[in-house]
Amino acid sequence: MNKERREPWVRIAKRGVVLPRWKAWGIRGIALAGALVLCAIIIYSIVELNPLKVYGAMFEGAFGTNRRMWVTIRDTMMLLCIGIGLAPAFKMRFWNIGAEGQILMGGIASAACMIYLGGDLPAGLLLPLMFILSALAGGLWGFIPAWFKAKWNTNETLFTLMMNYIAMQLASFFIIIWEVPKGAGKIGIINQSTRAGWLPELGNAYLLPILIVAIMTGLMYIYLQYSKHGYEIAVVGESQRTASYAGIKVERVIIRTMVLSCAICGLMGL
């Protein structure tokens, strides 16, 4: 006896026609306005505060002074760079949700350089070494799930998620080793007196990280859109079987792309 096939309640399909720019931005604007209205209803119903005053306080906290504005821009750029790091993995349909752990590993590597080498190496050597080691630490942390995915087709979502918790425990371990003063449970500001390992200021303490992220954004766009590696990432993301028929070494692409993705996240740990 054949069972009647039931259609799904909700079906999502990619549009075949590109929306006009004005319509695309109009949809985004409506979504934003709807989110603000919904949040306003929740705010008023739970805490009984004026939503407009709450939104005003949020805006004041983020842009109220010159320093707050720069801090907000810097933090936004840091989140953007994490998104840049995740972009090649996501385009390959490798669902890397372990950015937190990769950032922590990059931070541990950077802190180790500052603590153990800050008094021995000049800034011209220390900073490049910190960049290299933080990227290597993040890349190595991403190599592990990529290897298992490429060889045994493990679930990358669970794998990268579980590695976040391992990285958290490692960070807690090194905080205990490096804590100042002993028993404080924190490291404090590393090399506050010598400033060894601190990023140079270009007239503004927040400007250099912003410039670095802006450059990385442009380079990642070029890499994904115009390079051979970017093309291979797109093909593997669409269909690994098609990529294999086209002569693309799928395992190599998976590992290479994931290492690059996690290395950028490791740099954010710096």
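In the predicted model, the second largest pocket is lined by Ile103, Leu104, Gly107, Ile108, Ala111, Ala171, Phe174, Ile175, Trp178, Ile187 and Gly269. Two elements, H4 and helix H6 (156-178), each give two or more residues to this lining. The largest share, five residues, comes from H4. When the lining residues are sorted by class, nine are nonpolar and two are polar, while none is charged. The space in this second largest pocket amounts to about 170 Å³.

The largest pocket has a volume of about 760 Å³. Its lining consists of 29 residues, and those nearest the centre of the pocket are Arg74, Trp198, Leu199, Pro209 and Leu270. Five helices give two or more residues each to this lining, namely helix H3 (66-91), helix H4 (99-117), helix H5 (123-152), helix H7 (207-226) and helix H10 (250-269). Of these contributions, the largest share is that of H7, with five residues. The lining of the largest pocket comprises 21 nonpolar residues, together with five polar and three charged ones. Helix H4 thus appears among the elements lining the largest pocket and also among those lining the second largest.

The chain that carries these pockets contains ten helices and zero strands. Its pattern along the sequence is accordingly written α-α-α-α-α-α-α-α-α-α. Taken along the principal axes, the box filled by the C-alpha atoms measures roughly 75 × 55 × 40 Å.

The packing of helices was examined for three pairs. Two packed helices are described by the angle between their axes and the distance between the axes. For helix H1 (residues 21-47) and helix H2 (residues 51-63), the angle is about 110° and the axes lie 9 Å apart. Because angles of 65 to 115 degrees count as roughly perpendicular, H1 is roughly perpendicular to H2. The crossing in which H1 passes H2 is right-handed. On the H1 side, the contact is made by Leu36, Cys39, Ala40, Ile43 and Tyr44, and on the H2 side by Pro51, Val54 and Tyr55. The contact of H1 with H2 holds eight nonpolar residues, with no polar and no charged ones.

Helices H4 and H5 pack with their axes 8 Å apart and at an angle of about 145°. This crossing is right-handed as well. Helix H4 takes part in the contact through Gly101, Gln102, Met105, Gly106, Ala109, Ser110, Cys113, Met114 and Leu117, whereas H5 does so through Leu126, Leu129, Met130, Leu133, Ser134, Ala137, Gly138 and Trp141. By class, eleven residues of this contact are nonpolar and six are polar, and none is charged.

For H5 and H6, the axes come within 10 Å and cross at roughly 150°. Since angles over 145 degrees count as roughly antiparallel, these two helices are roughly antiparallel to each other. Their crossing is right-handed. From H5, the contact involves Trp141, Ile144, Pro145, Phe148 and Lys149, and from H6 it involves Glu156, Phe159, Thr160, Met163, Ile166, Ala167 and Leu170. The contact of H5 with H6 has nine nonpolar residues, one polar residue and two charged residues. Trp141 of H5 therefore belongs both to the contact with H4 and to the contact with H6.

Two features of the backbone were also noted. Most residues other than glycine have a negative phi, and most peptide bonds are trans. Arginine 93, although not a glycine, has a positive phi of about 65°. This arginine 93 is placed in the loop between H3 and H4. The peptide bond from valine 180 to proline 181 is cis, with omega near -10°. Proline 181 has its place in the loop between H6 and H7.

Methods. Residues are numbered from 1 along each chain as its sequence is written. This is a predicted model: local features need pLDDT of at least 70, side-chain atom pairs count only at pLDDT 80 or more; totals for chains, interfaces and linings use all residues. Side-chain values use heavy atoms; hydrogens and water are left out. On a 1 Å grid over the protein atoms alone, a cavity is a set of points where a 1.4 Å probe fits but cannot get out, and a pocket is an open set with protein on both sides within 12 Å along at least five of seven lines; lining residues have an atom within 4 Å of a point. Grid points are joined across faces, edges and corners, and a volume is the space filled by probe spheres set on the points. Helices (H or I, at least four residues) and strands (E, at least two) are DSSP runs, numbered from the N terminus. Ala, Val, Leu, Ile, Met, Phe, Trp, Tyr, Cys and Pro count as nonpolar, Asp, Glu, Lys and Arg as charged, and the others, Gly among them, as polar. Axes are lines fitted to C-alpha atoms, for helices over the stretch in contact, and angles run from 0 to 180 degrees between N-to-C directions. Angles under 35 degrees count as roughly parallel, over 145 as roughly antiparallel, 65 to 115 as roughly perpendicular and the rest as oblique. A crossing is left-handed if the near helix is turned anticlockwise from the far one by less than a right angle, and right-handed if clockwise. Contact means heavy atoms within 4.5 Å.
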